[in-house]
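Subject: Structure handover

Hello,

Here is the structure I said I would pass on. My notes on it follow below the display.

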Amino acid sequence: MSDPVATRTVPRSPRARAGAWLFARVAGSQGPANRARIHGAQGPRWFGPERPIRRVHGDAAMFVGGVRALLLQSLHPLAMAAVAAHSGYRGDPWGRLQRTSTFLAVTTYGTDADASSAVERVRHVHATVRGTAPDGREYRADDPHLLGWVHVAEVESFLSCHQRYGARPLDRSGCDAYVADTARIAEALGVAGPPRNTAELRQRLAAYRRELRATPQARETARFLLRQPPLPPVARPAYAALAAGAVRGLPPWARRELGLPEPSGFGALIGPLAAGAAVSGIRWAMAPDTPDH
């Protein structure tokens with residue numbers, strides 16, 4: 001009998017080779033084992049197969065949403081200071097991505113026990129992250145208010161990019177249900193009263209607006225994400241298209257804060273089209289391969 005793991009590690013088609021390369025970068029060396037545990041373990045889940053969080057987090061539009069979320073999150077000076085001092089995003093960007101993607105996968109698709117364990121590990125790390133921002137203010141990663149900003153920026157980014165680039169956008173009730181799903185994870189992480197529908201999400205984002213501005217650290221992060229991605233040359237055009245979609249999806253005030261050019265003319269049209277094509281390419285590459293005949 002053939003070993004299914006071994007079969008996956010020796011792809012036979014261009015699509016499977018591309019998908020394996022992407023999966024290895026996003027999930028890391030433990031990706032196959034984590035995937036088998038997350039999807040194969042028996043037991044109750046936080047979210048059933050019908051829940052919209054599974055549709056959103058399983059779609060290739062997350063590649064755009066992830067970049068947009070990082071850019072938007074960087075605009076809170078205290079959140080940015082914590083990331084710059086403690087996350088290692090420049091020295092180990094792939095490791096940070098892999099840890100984040102694994103956490104999302106476990107809490108979205110894993111068993112109750114695995115999801116709870118993942119949350120406890122993150123809470124333990126957050127409890128150790130504290131310091132002083134360049135403006136002299138102290139920060140703690142487990143501060144519920146700061147956690148709330150990271151949460152709403154992430155959820156709004158994932159949802160807005162899914163609605164624009166996802167294979168199956170949600171209807172209005174589905175969007176509300178997605179926000180409600182993510183609130184369960186947020187509360188487990190220590191967010192106080194996370195939004196539970198899109199109206200509350202918009203209100204919460206607006207409430208943070210007066211606290212947001214681009215620090216030199218935030219603009220350096222934007223340059224790193226948009227101009228210096230740690231990718232081989234062959235992958236950079238596709239990433240550039242995803243990043244263009246992420247920038248195009250930011251609120252105009254956020255682009256201005258980060259010093260990013262306003263899309264105009266032909267560029268305003270071609271950016272979303274290129275991002276959509278890149279997302280479609282990722283979706284194609286990550287689709288299950290079919291056996292050769």
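Helix α7 and helix α8 (residues 112-128) pack with their axes 8 Å apart, at an angle of about 140°. This is a predicted model. In passing α8, α7 makes a left-handed crossing. On the α7 side the contact is made by Phe103, Val106 and Thr107, and on the α8 side by Asp114, Ala115, Ala118, Val119 and Val122.

α7, which spans residues 93-109, also has helix α3 (residues 31-40) beside it: the two axes come within 9 Å and cross at roughly 15°. Angles under 35 degrees count as roughly parallel, and α3 and α7 are therefore described that way. The crossing of α3 past α7 is right-handed. From α3, the residues Asn34, Arg37, Ile38 and His39 take part, and they meet Thr102, Ala105, Val106 and Tyr109 of α7. Val106 is thus listed in the contact with α3 and also in the contact with α8.

The next pair is α9 and α10. Their axes are 11 Å apart, and the helices pack at an angle of about 150°. An angle over 145 degrees counts as roughly antiparallel, so α9 and α10 fall into that class. Their crossing is right-handed. α9 contributes Leu147, His151, Val155, Phe158, Leu159 and Gln163 to the contact, while α10 contributes Cys175, Tyr178, Val179, Thr182, Ala183, Ala186 and Leu189.

One residue of α9 to look at is His151. Is His151 buried or exposed? With a relative accessible area of 9%, His151 is buried, since the cut-off for buried is under 20%. Leaving aside residues up to four places away in sequence, His151 touches Thr182, Ala183, Ala186, Val191, Pro194 and Pro195. Among them, Thr182, Ala183 and Ala186 are α10 residues that also appear in the α9 and α10 contact.

Helix α11 covers residues 198-208, and its buried residues are Thr198, Leu201, Leu205 and Tyr208. These four lie on the same side of α11, because they cover an arc of only 80° around the axis. In general, an α-helix has 3.6 residues a turn, so residues three or four places apart point the same way. The face turned away from the buried side of α11 carries the exposed residues Gln203 and Ala206. What covers the buried residues of α11 includes α9 (144-165) and α10 (172-189). At the start of α11, a side-chain oxygen of Asn197 comes to within 3.1 Å of the backbone nitrogen of Ala199.

Leu201 is the α11 residue I followed up. Leu201 counts as buried, at 4% relative accessibility. Not counting residues up to four places away in sequence, Leu201 touches Val152, Val155, Glu156, Val179 and Pro195. Of these, Val155 of α9 and Val179 of α10 also belong to the contact between those two helices, and Pro195 is touched by His151 as well. The C-alpha atoms of Leu201 and Val150 are separated by 12 Å, and the two residues are 51 residues apart along the chain.

Last, Pro252 sits in helix α14 (residues 252-258). Pro252 counts as partly exposed, at 41% relative accessibility. Between the C-alpha atoms of Pro252 and Ser13 the separation is 42 Å, with their positions 239 residues apart along the chain.

Regards

Conventions:
Residues numbered from 1 in each chain as written. Predicted model: local features only at pLDDT ≥ 70, side-chain atom pairs only at ≥ 80, totals over all residues. Heavy atoms only, no water. Buried < 20%, exposed > 50% of the residue type's maximum accessible area, 1.4 Å probe, protein only. Arc of directions from axis to C-beta. Contact = heavy atoms within 4.5 Å. Polar contact = N/O pair within 3.5 Å; in protein donor to acceptor, adjacent residues only side chain to side chain. Axes fitted to C-alpha atoms, helices over the stretch in contact; angles between N-to-C directions. Parallel < 35°, antiparallel > 145°, perpendicular 65-115°, else oblique. Left-handed = near helix turned anticlockwise from the far one by under 90°.
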